[in-house]
Structures are given as C-alpha cells and as structure tokens.
Amino acid sequence: MYSMRTFLFIGIFLSIVTINFPAHSQTKQYPKSFLWGAAFSAHQTEGVTGGGENGDWYQFEHPATENSPIANGDNADLSIDHWNRYEDDLQAAKSTGLNTIRISLSWEKIEPQPGIFNSEVMAHYKTVLKRMRELGLRPMISLHHFTHPIWFNQNGGWLSAQSPEYFARYAQYVAQNLSDVCGLWMTFNDPMGFIHLAYVNGEIPPHKKGLSNGFEAAFNTVRAHRLAVYAFHKARSTNNVGVAYGFKLFDPFDLKNEQDVRAAKELSEISNWAWLRATETGHLEFRYTQPGIIWDKQIIFQRNILTSEMILHAKIDWLGVNFYDHSLVRGTTKPIPFELINTQGLEGDNGSTLAPQALEKITR
C-alpha cells in the first residue's frame, strides 16, 4: 500500500562560484549570487484544478475498481491547493528569506491531448512566474517531475521511440511561452530514480517491470533531455538549462570480497553516471557482470543517441545534485546480481539511512 502525503521538497539551489577569501579573513559569507530556495512538484501541490484529471497519476489515484493501491484511498485532488493559493505560498517563501522557488509544470494540464495545448493553463503559469519575480523570487522550472498526460502512456510512454519527440514538442511550447519570465530550467528531476520506480520495479505509473524496460526508458529520456535543452537554448540565449540528478552512494559490503567490490562499482555506474555521461557524449551504455558457475557473463546495453547537430550541441549549463541515501552492496549470482543492505544508523521518513558523510563523498 502506498501512503499519499503532501510534500514540500525543501532544497538549496547553488550558483557554482569560486570564492577567494583573504588569508586574514575570519568570516566567510555566501556571495550575493547564491540562491536559497524551496522546491515542489505540480502534482503534489497544485491539486486537480486546471486539468489534473488528464494525468497518469490521477488514474493511479482513482482506479476503476474499489481496490485503490494507495492507503486510505488518498489522492492529490486538493493537496495544498497551490493552484489557487499560490500567493500565500509565495508570500511565505518571501517572508522566510528565500530568493528562489522551483516549481514543476503539469504536462498533463498543458497538453491534455497530443499536440493540443491549453493556453489558459499556460497563462496561469505565466501569472505565477510574474508574481514570483515581483516578490524578488527567481523562478526555476522543472519540465518533468514524474507525471505525464494519459495519452503519452497510451502511446507507449518512455518505451516508445516517439517519446523524445513528444517531450520536445511540449518543451518547445513551454520555451516559446515562458522564456520571457523564467531563465532557469530543468529538464528532469531525478530521471533514473523515476525510471527505477516506473519502468524497472513498476511501483508507479506506468507500472512496467524489467531491466530491459529501464534501459529503453533511459535511452529515450536522454534523447528527450537533449532535445529539450536545445529547444530552450534556441528560444533564448540567456536560458540556463540543467538537470537535477538523484545520486546514491554505493559501497561494497565487504571490501575484501571481489564480487562485492565489483557489484558496488557497477551499480554506481548504472545508477549515477551512465545517464549523465550520455547527455554529454551521446552514447548510452549500461554494463554489469552476471556471475555464473563457470564464468562471468557481461550484460551490456549500449546505443548511440541521434547524431544530428541539434543533439550534439545541447549541453547542460549546470548540474543539480539530489542526494538520497547510502547503501552497502553485496554481489550475488542471481540474474540481477546486486543486493542492497542499508548502512546502520538513523533513518529518514523514507527508510533511507541518514549519512551526511556520504553526501560529501558523492558531491566531491
């Protein structure tokens, strides 16, 4: 059973700067360009107003049968009603001393049917962004935070070869309409985290299971990311585009066990680095070792991203670090040869171990 709660994701958005302090200086201060902010996603805060019923998570929360997969039949139909009460939320952010807010856009509200865009929804978002700017809050927008129009999944979701073009069409429409009021953009929030939940474990829409699904979805989201970056750079040269990536730190359960060491290294590569590397190189490769009784078998998924000029020149301007947890990895002889063991210590409300030393390590 899933427990549906309303979240405000509190985060810090960093301007990457170099600060040189005099040798005698005793006080280190953040530069004026440093951004302190909070972040939240559209589905978790807006409520259904504006067309939320056109989304895959709305379907998930309102099953055709009475057997809801969500505890107590909870849903986000109202949530905190940010769609109507955004003024209160922005005033709260301002009074707290923040100078930036990251929101996501509801793709299902903007493009409820393929190729048909809702200008009233876009006008609403523009009003919200203008109000942010009036209050001295620099807007940042994420195009994707786990939800999709129903039609997108009906057409194959991220397993469809057409999915990157669908996403690019949406990105181009947003860029054309909102680039004058927002200059900070994210293509995806935690893309591999989403893929793991939706296309490997099948826990959230569209409920696909299997490593091959995950590899295919990763390939198509990398293509979509590159197309979206290009769209925003083309729309306005001052657009600053990146991705917020969800990192996890994997260490061997037994440093003296060769199988554990190899498994931790390969899992870190698959989870943390392969997708990101592909956004820069245009080549996606997932590789892991499946131990056997007689020999080890290399499992490899690799594919080149499109080599057109549009793809090759769509490099990100910044990288966001979302850090979640630290796990120890034990190698196994199972088809998926990784076994995760949570490190001992305090746990957060999602069950992950609180490991600040791991945050430092993954960031470095």
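## Folds and contacts in a predicted model

Reader: In the protein, what share of the contacts with a separation of 6 or more comes from residues 24 or more positions apart?
Author: This is a predicted model: local features need pLDDT of at least 70, side-chain atom pairs count only at pLDDT 80 or more, and totals for chains, interfaces and linings use all residues. Residues are numbered from 1 along each chain as its sequence is written, while side-chain values use heavy atoms and leave out hydrogens and water. A contact means heavy atoms within 4.5 Å. Among contacts with a separation of 6 or more, the share from residues 24 or more positions apart is 73%.

Reader: How many helices and strands does the protein have?
Author: Both kinds are DSSP runs, numbered from the N terminus: helices are H or I with at least four residues, strands are E with at least two. The protein has 12 helices and 10 strands.

Reader: What is the radius of gyration of the protein?
Author: The radius is taken over C-alpha atoms, and the globule rule is 2.2 Å times the number of residues to the power 0.38. For 364 residues the rule gives 21 Å, and the protein is close to that, so it is as compact as a globular protein of that length. The radius of gyration is 21 Å.

Reader: What percentage of the 364 residues is buried?
Author: Buried means under 20% relative accessible area, exposed over 50%, and partly exposed in between, with a 1.4 Å probe and protein chains only. Of the 364 residues, the buried ones make up 49%.

Reader: Which helix gives the largest share of the largest nonpolar core?
Author: A nonpolar core is a set of buried Ala, Val, Leu, Ile, Met, Phe, Trp, Tyr and Cys residues joined through side-chain atoms within 4.5 Å. The largest has 83 residues, with the most contacts inside it made by Leu-143, Trp-158, Val-174 and Leu-178. Its largest share, 9 residues, comes from residues 211-235, helix α9.

Reader: How many residues are in the other core?
Author: This core lies apart from the largest one. Met-140, Leu-184, Met-186 and Trp-318 are among its members. The core has 6 residues.

Reader: At which residue does helix α3 bend?
Author: Helix α3 covers residues 82-96. A straight helix of 15 residues would span 21 Å, at 1.5 Å times one less than the number of residues, but α3 spans only 18 Å between its end C-alpha atoms. The bend is the angle between axes fitted to the seven residues ending at a residue and the seven starting there. It is about 35 degrees, and it falls at Asp-88.

Reader: Which elements do the buried residues of α3 pack against?
Author: Those buried residues are His-82, Trp-83, Tyr-86, Leu-90 and Ala-93. They pack against α1 (42-45), β3 (100-104), α4 (107-110) and α5 (119-134).

Reader: Which residue just after α3 takes a positive phi?
Author: Before α3, Asp-81 sits in the loop from α2 (56-61), and its phi is also positive, near 55 degrees, in a residue other than glycine. Just after α3, a positive phi of about 100 degrees belongs to Gly-97.

Reader: Is Asn-189 buried or exposed?
Author: Asn-189 lies in strand β5, residues 184-189. Its relative accessibility is 5%, so Asn-189 counts as buried.

Reader: Which side chains make polar contacts with the side chain of Asn-189?
Author: A polar contact is a pair of N or O atoms within 3.5 Å; within protein, one must be able to donate a hydrogen and the other to accept it, and residues adjacent in sequence count only if both atoms are side-chain atoms. One partner is 3.2 Å away, and another 3.3 Å. They are Arg-102 and His-145.

Reader: What is the phi of Asp-190?
Author: Asp-190 lies in the loop between β5 and α8. At 7% relative accessibility it counts as buried. Its phi is positive, in a residue other than glycine, and near 55 degrees.

Reader: Which residue's side chain makes a polar contact with the side chain of Asn-153?
Author: Asn-153 is in helix α6, residues 150-154. Not counting residues up to four places away in sequence, it touches Asp-56, His-148, Tyr-199 and Pro-206. The polar contact, at 3.0 Å, is with Asp-56.

Reader: Is the peptide bond from Pro-205 to Pro-206 cis or trans?
Author: Pro-206 is in the loop between α8 (191-200) and α9. Omega of the bond is near 10 degrees, and the bond is cis.
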